[in-house]
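Me: I should like to learn how to read the features of a protein structure, step by step. May we go through one together?

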Amino acid sequence: MNIAEYSISHRVISWMFVIILLVGGCLSFFGLGQLEFPEFTIKQAMVITQYPGATPQQVEEEVTLSLEEAIQELEYVKHIRSISSSGSSQITVDMKDQYHKGDLPQIWDELRRKVNDTQKDLPPGVYPSLVKDDYSDVFGMLFNIRGEGYSHRDLENYADFLKRELVLIPGVKKVAIAGERQEQIVLEVSREKMAALGVDPNWLFSLIQNQNVVSNAGRIFVEGRSIRIHPTGEFNNVNELKQLIVSTPGSSQLVRLGDIATVHKDYEETPSTIYHSNGFPALSLGISFTSGVNVVDVGGLVRERLNELEGQRPIGIDLDTVYDQPEVVLESVNGFLINLAQSVAIVIIVLLCAMGVRSGLLMGVVLLLTILGTFIVMRVVGIELQLISLGALIIALGMLVDNAIVVTEGIQVGLQRGLTRIEAAKRVVKQTQWPLLGATVIAVIAFAPVGLSDEMSGEFCVSLFQVLLISLMLSWVTAITLVPFFSYLLFKEEKLTEQAKDFDPYQGALFTIYKQLLSFALKHRPVTLIITVIALFSAFVGFGYVKNVFFPPSNTPIFFVDYWMPEGSDIRDTETEISRFEQQVLALDGVNNVTTVIGMGAQRFVLPYTPEKQYSSYGQLVVETKDLDSILGVISKVQGILDQQFADVEYRVKRLQNGPSPSAEIEARFYGEDPVVLRSLAVQAMQVLRDEPLATNIRHGWRNRTPIIRPQLDEASARRSGISKQALDEALLINFSGKQVGVYREGTHLLPMIIRAPEAERLNADSLTDLQVWSADHKNFVPITQAVSSFDTEWEDPLIIRRERKRMLSVMADPQLLSDETTDSVFRKVRAKIEAIPLPDGYKLEWGGSYETSRDAQEAVFASIPMGYLFMFLITVLLFNTVRQPLAIWSTVPLALIGVVAGLLLLDAPFSFMALLGLLSLSGMLIKNGIVLVEQIKLELDQGREEHEAIFHASVSRVRPVCMAALTTMLGMIPLLFDAFFESMAVTIIFGLGFATVLTLIVLPVVYSLLYKISFKQFHYSNI
């Protein structure tokens, strides 16, 4: 008893299987997690180390080098990149692709141990290194908190309140606040008053620090009770701080802090990050979700809780939505479900028209059950509904009925020839079950390079392979079980009359035209092959004219403006300038919301977005337009404003991407030791890019050199005056920037106490020569000129960037955003010219940007192709127990390129990474069709037909199932033509499969006859 007979005779089990798929699929669908993008692991961590007062070169040599050397010892490391700036080292560590999400906690632990072990080797004055392994957290709901007339403390208090409430919601992983400004107690001490009263600065510092320290005073035992002792003396308010006695012991004068200093509360002058929301100062509140949850449901809970807390929101404080992933996901999933429904409807209509009402309904029901069964397995293995998995379902739709078409068509032919329903089902399933399994496995393996790739883009697209694997294998199961079962229920047995015996089931215009074409091709085989080879050669030539991109932009109406002031700009000046630009952007028609971040990038709110690191001269605008249609118009206006009114700044306008994206589309990396030589090479490369009118956003990573003031210490004079270098540094620090001398506690807030000179002295550069320095030897202040001979100005590299432990300067550019040019086309125009730049010995050039990202992704995919194709070839050999038949099948695979190139050029669609995956998948589809055809030839030969008759008759008999399988796949892809992410893949599959299917039905019989040396000279199809 074969599986078809079992399904028909055991109706209860078959109906139970149907009910499980139907009910279980519906329940699983509503229980699936929903995301915007598939989860992929950003295998990065940052090691941040502060070294106050050190030059970029000192940071590089004394901190960065030691840490890089230790980190490099980890076997997991793929790339190490570092930025050494004044007082700060930022090291980014990328781990190798083969390590997955579950491996990372252990890897981060080992990284911390390596970094901690290195701390003892770092010089004095270096703060402990901070390892940030949550760098890849995605805050799917991002809000700005603003309130006109409210202080930062008020905004922070409300943000903290929301954080405490929202983090308790099930499914919320983390709530983060960014843009906080440190409040501090400022002591503006006049050096003239200190000098007049003879107050020792060191005594003042230690007094303030020790007076407000929390220390243990012990306990006393009294009558069996232990009573804690807690002396007074701590500062409870700012006025108490003013009353602090600062005169030295034995002094005849009673000097209080308020006598020599102005004490007040203020915010830090140079915060690390500043946020604006639509032009108002703001805080950023980000909410990230737990892995695997339905973000739509969790987002609903967040909104519901925010509505409940609305009564506790202070009047005048607004909560602006920057990004609402649950809403985006809901719209995206609903849109894809509509596409999915349209595709299902298209496939069913095609089946109804081509194969009759009963056959069409049968395969439509089986298709729906297969999709529902796919949802069950997706729920079990934890695959969410998101961009890639939903696209995979649409791609699979047409392929899911391939097996059902073959079985149904075989049953219909059997019934027309007088077989009973059960005999027809048994016969066709027995003949086709293993060839169909082999063909299905091959179709799945064609997508395997995606699933086997460890590279980031492979991980991003892995659910494409997983969903196709599940759905296609399930389609084979339903084809050999439910199709015979429903055929038995729906089809009627036909009595075989004499007229029916002579009935030719392969009549009609389609079959007549095909018979004539096939007959001509078989009689003129050299001509057929020459025409095919010419068409294939033309496709190879035409492929050079196809545009190339890696991933297309997102459909989300958001774009970014990266804004770089000259390096060395104070963050306050950056804020002032970017605020002018911000106001002009807000005034544009079509702009819905503008979030401005100064000092670094925004919190990561989608996976493809990579925040910029910390620079005081950097700012970014996150601009949301009213809809996708208006985004290009707004971008054009923004670029016009920047070109006309902000010509002295560097900027980059970029769209939100759908997949992993580099920091610049075109990047030339120069490696070497001498900064002067590196900058010289950069100048030459930038000139090449400036000469290319289609290149824009031209810049390099080391930025402009910045001035530094170098007081020249006269050691002899300084020694006579009793001034040490530390005393000189401290005097300069206090006079201009301020020095922290303690901590003031205010409830849950710890405020640093900063001592500095009054504003009139602090902000006056001329006061530098009038500065008084405390002499520990003479116990009084002496003029700085007694220790410093002159004040010289020198220039330094503000940023020293390293990659793979070598100094590296990157020259970056992008193609014109509003032009038809792609990154690849602009890159090809400038590549040879930049590579022609002569490099000194010890220097090298390396290409990064989209070229590197795309190359790595393709290499990762192609690395698994040989083994996958070998396995596919072995399956075809095992199916036919010969080599010549598989060779005939595989000869048709390159034919897909003809249609692919024609389609991409005709529709002006780019060849993207997704198109590459579509091209690879075509091989599986074509081999599957070829197996169906060659298997039929084998069956015809086993039935005793002549070789030439078997080839011709088998080809004719397979026209309908092969064409139907291709047609359903092609038409099912139509909804994806209107999705930017899947457009190029849809074009690739529709045109590639369409052309290749027609050619396969002609070329495969020709190649087969040549391999087996079968003559068709005297053949005429009317004689069969």
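Reply: Certainly. Please keep in mind that this is a predicted model. Let us begin with accessibility: a residue is called buried under 20% relative accessible area, exposed over 50%, and partly exposed in between. Arg 805 has a relative accessibility of 35%, so it counts as partly exposed.

Me: Where is Arg 805 found?

Reply: Arg 805 belongs to the loop between strand 26 and strand 27. Its backbone deserves attention too: phi is positive, about 70 degrees, although Arg 805 is not a glycine. Glu 804 is found in that loop as well, between strand 26 (799-803) and strand 27 (806-815). Phi of Glu 804 is also positive, near 50 degrees, and Glu 804 is not a glycine either.

Me: Is Glu 804 buried, partly exposed or exposed?

Reply: Glu 804 counts as partly exposed, because its relative accessibility is 28%.

Me: How should I read a strand, and what surrounds strand 14?

Reply: One may ask how many residues of a strand are buried, where its side chains point and which strands pair with it. In strand 14 (residues 558-564), seven of the seven residues are buried, so this strand is largely enclosed by the rest of the structure. Ile 558, Phe 560, Asp 562 and Trp 564 point one way, whereas Phe 559, Val 561 and Tyr 563 point the other way.

Me: Which strands pair with strand 14?

Reply: Strand 16 (residues 618-625) pairs with strand 14 in the antiparallel sense, over seven bridges. Within this pairing, Tyr 563 has Gly 619 of strand 16 as its bridge partner. Strand 17 (residues 650-655) also runs antiparallel to strand 14 and is joined to it by six bridges. Here Phe 560 is matched with Lys 654 of strand 17 as its bridge partner.

Me: How many aromatic pairs does the whole structure hold?

Reply: A search finds 23 aromatic pairs. To read such a pair, one looks at the distance between the ring centres and the angle between the planes; an angle from 30 to 60 degrees makes the pair tilted. Tyr 323 and Phe 605 are a tilted pair, 5.0 Å centre to centre with 45 degrees between the planes. Tyr 323 lies in strand 13 (residues 317-324) and Phe 605 in the loop between strand 15 (591-598) and strand 16, so the pair ties together parts that are 282 residues apart in sequence. Both Tyr 323 and Phe 605 are buried.

Me: Which residues form one aromatic cluster with Tyr 323 and Phe 605?

Reply: Phe 560 and Tyr 609 join them in one aromatic cluster. Phe 560 is thus a residue met earlier, as one of the buried residues of strand 14.

Me: What lies over the rings of Tyr 488 and Tyr 1012?

Reply: In this feature, a charged group is placed over the face of a ring. Arg 421 lies over the face of Tyr 488, 4.2 Å from the ring centre. Over the ring of Tyr 1012 sits the charged end of Arg 884, at 4.1 Å from the centre.

Me: Finally, which residues form the nonpolar patch on the surface?

Reply: The patch consists of Trp 15, Ile 19, Leu 22, Val 23, Leu 27, Leu 489 and Leu 490, with about 620 Å² of accessible area together. Helix 2 (11-31) and helix 18 (462-490) are the elements that give two or more residues to it. Helix 2 gives the most, with five residues. Leu 490 lies in helix 18, and Leu 490 counts as partly exposed because its relative accessibility is 32%.

How values were computed
Residues numbered from 1 in each chain as written. Predicted model: local features only at pLDDT ≥ 70, side-chain atom pairs only at ≥ 80, totals over all residues. Heavy atoms only, no water. Patch = residues over 30% accessible without salt bridge, like charges linked within 9 Å, V, L, I, M, F, W, Y side chains within 5 Å. Areas by Shrake-Rupley, 256 points an atom, 1.4 Å probe, with all protein chains shown as cover. Salt bridge = Lys/Arg side-chain N within 4 Å of Asp/Glu carboxyl O. Helix = DSSP H or I, 4+ residues; strand = E, 2+ residues; numbered from the N terminus. Buried < 20%, exposed > 50% of the residue type's maximum accessible area, 1.4 Å probe, protein only. Pairing = 2+ DSSP bridges. Phe/Tyr/Trp six-rings, centres within 6.5 Å; stacked < 30°, edge-to-face > 60°. Lys NZ or Arg CZ within 6 Å of the ring centre and 35° of its normal.
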